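Visitor: I am new to this structure and would like a close look at a single part. Please take me through one sheet and what lies against it.

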Amino acid sequence: AEQHARGARVILVPTMGGLHAGHISLIDHAASVCANEGDAIVVSVYVNPAQFAPHEDFDTYPRNLDDDVRLIAETKATEHLAVFAPQDMYADEEEDDDNVQPNARLAAERDADSAMPSTLKTHVVPCGSLAAGLCAESRPHFFGGVCTVVLKLFNVTSADVAVFGEKDFQQLCIVRAMVRHLDVPVRVESAPLVRDDDLLALSSRNRGLSEDARLAASSSLPVSMLSVSAAAEADRALTLPADAPPPPPTWEVASCLEARIAKACSEAGGEVDYVTAVDRETLQPIGSVKGCSADIELPDGWTRALPEGARMCAAVVYGGVRLLDNVAL
């Protein structure tokens, strides 16, 4: 309220901690959004129990607030930056019980297929095509938990702008949809996915990879994803002869590319959750449910059959750690 009274804005960077260079890029993006003197950046650090199922890694998710604060202090934006690290975002939702920690209860009281914990009295459940596939299939609880805590963070911080990373591409799309559908007065900005030196998309969960699992992951998931993206970009730059054969159906091209990536990840020891080419606006799959052989050679120019703005999204588990990646096609 004090910021708004001075005509300044609040730019929120929501995180779950375990900060890394990808998060710092979000803070740097937030700093670039600061147009008025007095604009403030708020970095929230909160491991949200409502987005974890009982069998997932809530208890082991990286937590070290001191390290996170030190990393934030090294950014370019320290002059007008605050850290918001609540212990519990759901205390007012819980029954009065001094013997039970609300966060722990929320993480435990959900069936694997339930959208939200039964004790959470008010929550947001995203619907429609954006929340129907990709991560939502294997984690049906996830986006309800994300949207609920994000809306609470918007309200608690009085945010005017919020910055999300494109690594969690489906999450970004769903948060934008929630803001539109509920008339939330927050502008959602996105910052590009950031990769480590071995090309893995930066993620707090990368810390859980063993040396062997990391090598397997880095040599297959990002390599195959970036190869497909580069091929699509090269095809768009080609000048094809007038008598070039027409490209195959869109679904066939998309399915072949999906199969190629899935094969590379599986052969490296990854457990593929999904590899899916989607429309970047609707997240509707472009490929065929029948799939395609990974060994089919696509002639030059064939990826032009893909619609403009198509996105390849993937989730693969290596050594028990679930990794996300996405690239433009």
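Visitor: In which sense do S6 and strand S7 pair, and over how many bridges?

Guide: This is a predicted model, in which local features need pLDDT of at least 70 and side-chain atom pairs count only at pLDDT 80 or more, while totals for chains, interfaces and linings use all residues. Residues are numbered from 1 along each chain as its sequence is written, and side-chain values use heavy atoms, with hydrogens and water left out. S6 and strand S7, which covers residues 310-318, pair in the antiparallel sense over eight bridges; helices (H or I, at least four residues) and strands (E, at least two) are DSSP runs numbered from the N terminus, and two strands count as paired if DSSP finds at least two bridges between them. Within this pairing, Val-275 has Ala-314 in S7 as its bridge partner. Helix H10 (residues 250-267) packs on the sheet, where it touches S6 and S7, contact meaning heavy atoms within 4.5 Å. The direction of helix H10 makes about 155° with that of S6, with axes taken as lines fitted to C-alpha atoms, for helices over the stretch in contact, and angles running from 0 to 180 degrees between N-to-C directions.

The sheet as a whole is open, its three strands following the order S6-S7-S8 with antiparallel pairing. Strand S6 (271-279) and strand S8 (321-328) are the edge strands, each of which pairs on one side only. Neighbouring strands of this sheet are turned by 15° against each other on average, with direction ignored. Another helix, H9 (residues 221-237), lies across S7 and S8 and runs at about 15° to S8.
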